[in-house]
Amino acid sequence: MRVGMTVNGKAHEQEVEPRLLLVHYLRDVLGLTGTNIGCDTTSCGACTVLLDGVSVKSCTVLAVQADGASVTTIEGLAPGPDQLHPVQQAFREHHGLQCGYCTPGMVMAATSLLAEHPHPTEQQVREGLEGNLCRCTGYHNIVKAVLAAAGGEVPKEPVA
Amino acid sequence: MIPATFDYRRADSVADALALLHEYGDEAKLLAGGHSLLPLMKLRLATPQMLVDVGRLGQLSYVRQEGDEVAIGALTRHRDLEVSEVARHSVPVLAHVAGQVGDPQVRHRGTIGGSIAHGDPASDLPAVVLALGGTLVVDGPGGRREIPSTEFFTGFLETAVRPDEMLVEIRVASTAGGWSFQKFNRRAQDWAIVGAVAVAAADGATRVSLVHMGATPLRAAATESALAGGATPAEAAAVAAEGLEPPSDANASREYRRHLAEVLVRRALEDVSLGHG
């Protein structure tokens, strides 16, 4: 089946099998390997991308379901090649990553969270990222980074 | 994991979806948000030959006040229900529980109709619709028909929707009294190991339903009749698991689930009796 979608601002059109998952379309067809595959069971959130502006787990969306949609991956978030998106910048400044495997998904989920809650509380950040697992358990600095990206107060020592 | 091969058709209208179901019969499955069906297909526990995608039927995405009832289109996504002003005002328990399903990414895709038509006893929304005494509206070759929620869930992942029918709307009565949703799980985003919903209905009765306590989402019949007979919340909660045979699995034994049901129902009833909600 023929599908067309805009990925990171660029239009693509391909013939795909209906069973092709969006994450495989992004990684294998378009070569955008920034989106990771973690659990492959809608749990870990490593494959999170924005579909028409909201976070989704791309391992649980068929490419044909995204036909006509606008998709943003980690590669498309920064405004330019030498710049970082504010959420990326905050993850860097607050050391919001250890091994980095969950990071693209965390950044995309956080971006969607901040679009819905521009000034979240720490509790809202923790609950808003419940769909993303960090096996390094580096959650404290991830939460700090998201609060910093929102321009809010960053706790010196996380409460929880 | 990659699903087995299937053919895919996108429906442009309910009539179009029904025509495709009629044409392909048992080989077809409806695809809404895909967050129940696609995981099963990836595990190859489901291998439909034909997927009929109804995910773009925007006309079935709505939350409307209609007299004393709220009508919810089957393709309303959990996130849209969670933030719906109508739902938050008229059936706050439904908006609240929609915000507890899975995680934000799941709520951006999953739909209430998909969740209810899937008929999973571990899902939250079917239990809420049961506790609200809701009605499920299905469309099919013979036109629309309404199914009371108490007759809708017929077995494990089985419902009263026939293979050539489609769930199009969920109708629930507005509530003015207390309500409570108690969900116990080990991991933030996970299904409930056990959940309990209690709602003070307009007729003065308190309705109670349970998540993951049997083959289907179900009402806590023994608790409800104890309450009707004047039992206290603690007395009514003590019989919450009476007559039920919850599953044993890696997360919890049957005995543990029965214990949880009693504790969660007691908390829910105490919440309702204090007028919470």
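Author: A strand, as the word is used here, is a DSSP run of E that holds at least two residues, and in this predicted model the place of Ser209(B) is in strand S13 of chain B, residues 206-211.

Reader: Why is Ser209(B) called buried?

Author: The word buried requires a relative accessible area under 20%, and Ser209(B) has a value of 0%, so Ser209(B) meets the cut-off and is called buried.

Reader: What makes Ala127(B) a partner of the side chain of Ser209(B)?

Author: The side chain of Ser209(B) reaches the backbone oxygen of Ala127(B) at 2.6 Å, and since a polar contact needs N or O atoms within 3.5 Å, this distance satisfies that limit. Leaving aside neighbours within four places in sequence, the residues in contact with Ser209(B) include Ala127(B), Val128(B), Gly195(B), Leu218(B) and Ala220(B).

Reader: Why is Ala19(B) called partly exposed?

Author: Partly exposed covers the range between the 20% of buried and the 50% of exposed, and the relative accessible area of Ala19(B) is 43%, so the label follows from the value. Ala19(B) is found in helix H1 of chain B, residues 14-24, and its C-alpha atom is separated by 8.4 Å from that of Asp164(B), although the two residues are 145 apart along the chain.

Reader: How do you know that Arg10(B) forms a salt bridge with Asp67(A)?

Author: The rule asks for a side-chain nitrogen of Lys or Arg within 4 Å of a carboxyl oxygen of Asp or Glu. The closest N and O atoms of Arg10(B) and Asp67(A) are 3.2 Å apart, so the pair is counted as a salt bridge. Between chain A and chain B the count is five salt bridges, and there are 15 residue pairs in polar contact, both residues being at pLDDT 80 or more.

Reader: Which elements of chain A give two or more residues to the side that touches chain B?

Author: They are S3, S4, helix H3 (103-116) and helix H4 (122-128) of chain A, and S4(A) gives the most, with four residues. By class, the residues on this side of chain A divide into 12 nonpolar, 12 polar and eight charged.

Reader: How many residues of chain A are in contact with chain B, and how much area do the two chains bury between them?

Author: There are 32 residues of chain A in contact with 31 residues of chain B, and the two chains bury about 2500 Å² between them, 52% of it on carbon and sulfur atoms. Arg19(A), Gln65(A) and Glu130(A) supply 28% of the area that chain A buries against chain B, more than any other three residues.

Reader: Where do the two domains of chain A lie along the chain, and what do they bury between them?

Author: Domain 1 is residues 2-76 and domain 2 is residues 86-149, with C-alpha centres 21 Å apart. They bury about 1100 Å² between them, 58% of it on carbon and sulfur atoms, and Asn36(A), Thr48(A) and Ile74(A) supply 39% of the area that domain 1 buries against domain 2, more than any other three residues.

Reader: How many salt bridges are counted between domain 1 and domain 2 of chain A?

Author: The count between these domains is zero salt bridges, whereas the rule for polar contact finds seven residue pairs across their interface, both residues being at pLDDT 80 or more. The side of domain 1 that touches domain 2 has seven nonpolar, 10 polar and one charged residues.

Technical notes. Residues are numbered from 1 along each chain as its sequence is written. Chains are lettered from A and ligands numbered from 1 in the order in which they are written. This is a predicted model: local features need pLDDT of at least 70, side-chain atom pairs count only at pLDDT 80 or more; totals for chains, interfaces and linings use all residues. Side-chain values use heavy atoms; hydrogens and water are left out. Domain bounds come from an automatic or database domain assignment. Buried area is the accessible area (1.4 Å probe) that two parts lose on being put together, summed over both. A polar contact is a pair of N or O atoms within 3.5 Å; within protein, one must be able to donate a hydrogen and the other to accept it, and residues adjacent in sequence count only if both atoms are side-chain atoms. Ala, Val, Leu, Ile, Met, Phe, Trp, Tyr, Cys and Pro count as nonpolar, Asp, Glu, Lys and Arg as charged, and the others, Gly among them, as polar. Contact means heavy atoms within 4.5 Å. Buried means under 20% relative accessible area, exposed over 50%, partly exposed in between (1.4 Å probe, protein chains only).
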